[in-house]
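Visitor: I should like to understand how the terms used for a protein model are justified. May we go through them one at a time?

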There are 2 protein chains.
Amino acid sequence: MGNIKLNFDNMGIANAQIAGIEDKIAAATKAMDEKRHQMAWRDLPHNQTAVVEEILAYVAETSPKITALVVLGIGGSALGPIALQQALHSPFYNHHKQFRANAPRLFVLDNIDPATMADLFALVDLNATLFSVVSKSGATSETMAQFMLVKDLLEQKMDKEKAKNHIVCTTDSQHGNLIKIAKTEGYKTFHIPVGVGGRFSQLCPVGLLPAAFTGLDIKALLKGAADMDKICQNADYMANPAFAFAIYHYLAMEQGKNITVMMPYVDRLKYMSDWFAQLWAESLGKDGLGQTPAKALGATDQHSQVQLYVDGPRDKVVVFLGVEKFDADIKIPKTFNDMPAIGFLGGHSFTELLQVSQKSTEYALTKAGCSNMTITMPQIDEYAMGQLFYMLEVATAFTGELMGINAFDQPGVEEGKNALYRHFGKPGF
Amino acid sequence: MGNIKLNFDNMGIANAQIAGIEDKIAAATKAMDEKRHQMAWRDLPHNQTAVVEEILAYVAETSPKITALVVLGIGGSALGPIALQQALHSPFYNHHKQFRANAPRLFVLDNIDPATMADLFALVDLNATLFSVVSKSGATSETMAQFMLVKDLLEQKMDKEKAKNHIVCTTDSQHGNLIKIAKTEGYKTFHIPVGVGGRFSQLCPVGLLPAAFTGLDIKALLKGAADMDKICQNADYMANPAFAFAIYHYLAMEQGKNITVMMPYVDRLKYMSDWFAQLWAESLGKDGLGQTPAKALGATDQHSQVQLYVDGPRDKVVVFLGVEKFDADIKIPKTFNDMPAIGFLGGHSFTELLQVSQKSTEYALTKAGCSNMTITMPQIDEYAMGQLFYMLEVATAFTGELMGINAFDQPGVEEGKNALYRHFGKPGF
């Protein structure tokens, strides 16, 4: 299996600029090594053999009994599962069983909008639905409120002994209310390992459980991550895609580029931009620093955002995300040969049209002086997705080291949480 | 029916700063008036009585024969229809007929990804599908390639006379290949009026036709826009929400805020951020100027982007988009009264939790010095959506006047288009 490839030729950053921060790079490289034991998420590709077997056994037993899996989770508990699901299944997976074989539908309820929730509960059959409650702390207001509602709905519908089989909890193995409730009620549980924060949790049961339910090969996902871990241990930063991604972005930030756009030219990778947006924003947006992630999709956003990228300020990096081989291809028929303005498309394929659109946008941006880079996947499968998730996680951690900030906390969300707690009269606030 | 309301108290901009650009504001106000006849999109709420009747008659005749409407369009031909559809229907509209009564499913094919297209053609029944081809110029490569494919697929499946009833074209009434083809083939057509550009076309048949097919009240949509047009003619900019939106954003840009985030706290308004992102980016991103639109969703992105907004650089405006009344509400049961850390939620409603989440985030951002403002809708219906679309269009045009740029062209997309044409050997390139 091939590796994902990164290309930085169009970043507009000279080798001399990189050489100018060699000391910083060396220090960050050393720190990544020394702090590795604090980054429990780095071990996830290697230490989950038993966890994977437990997940597969649980899915094999439970999946035939359900037609829908509803994930109750928000932020890191939702974005990875959504990104992986969208990447590896049809966009119509939930619409028709031809696209999901015998696997259950997957819904990720990552917001508390009552209109959405009412419709979802009208859509699914509670007797054949499994609710997967995901919160490391067991104190996430949105998720716990949903859990309280779901527990109530289930216990109105069926006896308590039956209801408990419709709930599975993924949380810390020791601390918090969710594990306490799960033990009292007798819910099946999976654990988020100590030291694995929400936005770095996609390769633990948070991501593995829903993936396994939809029939994805979670061993291949972890194998991709494990192989990328080897590549990301290379101290030669030009042979280490995660370090190079970090270095180029760091230098772009130093030049005042406060925006990074992830722009896949593949529908199925659209939600990787959402997953990455959390990882990048919440890890690096602190101490008055940080780049704002923006999301675009090619070719669609050539008709929306590219005008700004080409003619607007030089304040951004665009990260193209392309794929060499699509699952399907379709030829454009030679229908209007007599109309040159559109006839020229005939005989080509949609893959070619999409890939040439990406190349053309890269060219236009580069000519206009807009920094851009590409990540290219050989194809979209579990192995390549494992590589991509893991590479971007290491890249984010390394960027944190270069910036001199702690990439693993999120102190800035407390103020809003506290205001909410005060409104609701939570004890102690 | 109430009006949408805007509040700028948390922008951190003093009245004296606004007074400092009084001359600029006066000049822009005058220009908006003088150039009104060049802005054909401003007349759409007023001059379409006949068009609306034609659309309603066509929908009444055609809708019973189809189970799916597939829009082939990109950019402005897609984003408005998607935003309106998502705002006014269930997120599960396409999943189950309980959410769409007898209306057809709606799919907007705004990208050329062959994997998505292959799955869509496997999902829909061509015999009961109407394809709506939307391109003002009739030269949009992505849309015309899709049209060529669809025409071919239909004519393989049924005789040509029948096939023509499965295609409707929305394009310029005189110019371009699409109107020429439509006339030759005998397709039903609707027209994009002269002077209405793609990103300002939501209130012409581009947006009205798919809306009518899904059962929305397009007269109420236009009425909302018409009433907002009156409000937006007020030369007193503090009583004119569009002018005020523009002025505050212009002053924020002058302070170096090069990012504007639209953050609805309503699932159904999520795609308004995509529609607005095109409007704002493509209209104002030129001459080295322009703000990059970012998209967020509350409460979800409190667990993704808010850390950055609070603790990161002061480089952005956050536009909250809230609603006073949801279609549905759900109570949180009083389940865990013995656990104070979550029990405090019991007895409250999800509407309250969501609205208080917005207020709490506004508070946290304001305290941190991050400029923010709110747009509040009394409820989400056609009338309010008409107001919102129209207000943001006028706001964008007025911002262009303040910035001294032409908000209605898009010269920056030519370079990429030309590169693509060269690759494919389009005559003349």
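Visitor: Why is B:G369 called partly exposed?

Guide: In this predicted model, B:G369 has a relative accessible area of 41%. Buried would require under 20% and exposed over 50%, so B:G369, at 41%, is partly exposed. This glycine is placed in the loop between α15 (350-367) and β10 (371-379) of chain B. In space, B:G369 and B:R314 are 7.2 Å apart, C-alpha to C-alpha, although 55 residues separate them in sequence.

Visitor: What makes A:F121 and A:F131 an aromatic pair, and why is the pair called tilted?

Guide: Such a pair is described by the distance of the centres and the angle of the planes. The centres of A:F121 and A:F131 are 6.3 Å apart, and the limit for pairing is 6.5 Å. Their planes make 45 degrees; stacked needs under 30 and edge-to-face over 60, so the word is tilted. The whole structure holds 42 aromatic pairs over all chains. A:F121 belongs to helix α5 (residues 114-123) and A:F131 to strand β4 (residues 129-134), so this pair ties together parts of chain A that are 10 residues apart in sequence.

Visitor: How do you know whether A:F121 and A:F131 are buried or exposed?

Guide: The relative accessible area of A:F121 is 17%, and that of A:F131 is 1%. Buried means under 20%, so A:F121 is buried, and A:F131 is buried as well.

Visitor: What makes A:K426 a residue that lies over the face of A:Y421?

Guide: A:K426 lies at 3.9 Å from the ring centre of A:Y421, and the rule asks for a distance within 6 Å, together with a limit on the angle to the ring normal. In chain B, B:K426 lies over the face of B:Y421, also at 3.9 Å from the ring centre.

Visitor: Why is the contact of B:E415 with A:K367 called a salt bridge?

Guide: The N to O distance between these side chains is 3.1 Å. The cut-off for a lysine nitrogen and a glutamate carboxyl oxygen is 4 Å, so the name applies. Across the interface of chain A and chain B, four salt bridges are found.

Visitor: How do you know what relation links chain A and chain B?

Guide: A rotation of 180 degrees, with 0.0 Å of shift along its axis, superposes chain A on chain B with an RMSD of 0.0 Å. This is therefore the relation of a two-fold axis. Both copies use the same surface, as 100% of the contact residues of chain A recur in chain B.

Methods: Residues numbered from 1 in each chain as written. Chains lettered and ligands numbered in written order. Predicted model: local features only at pLDDT ≥ 70, side-chain atom pairs only at ≥ 80, totals over all residues. Heavy atoms only, no water. Least-squares fit on C-alpha atoms with pLDDT ≥ 70 in both. Contact = heavy atoms within 4.5 Å. Phe/Tyr/Trp six-rings, centres within 6.5 Å; stacked < 30°, edge-to-face > 60°. Helix = DSSP H or I, 4+ residues; strand = E, 2+ residues; numbered from the N terminus. Buried < 20%, exposed > 50% of the residue type's maximum accessible area, 1.4 Å probe, protein only. Lys NZ or Arg CZ within 6 Å of the ring centre and 35° of its normal.
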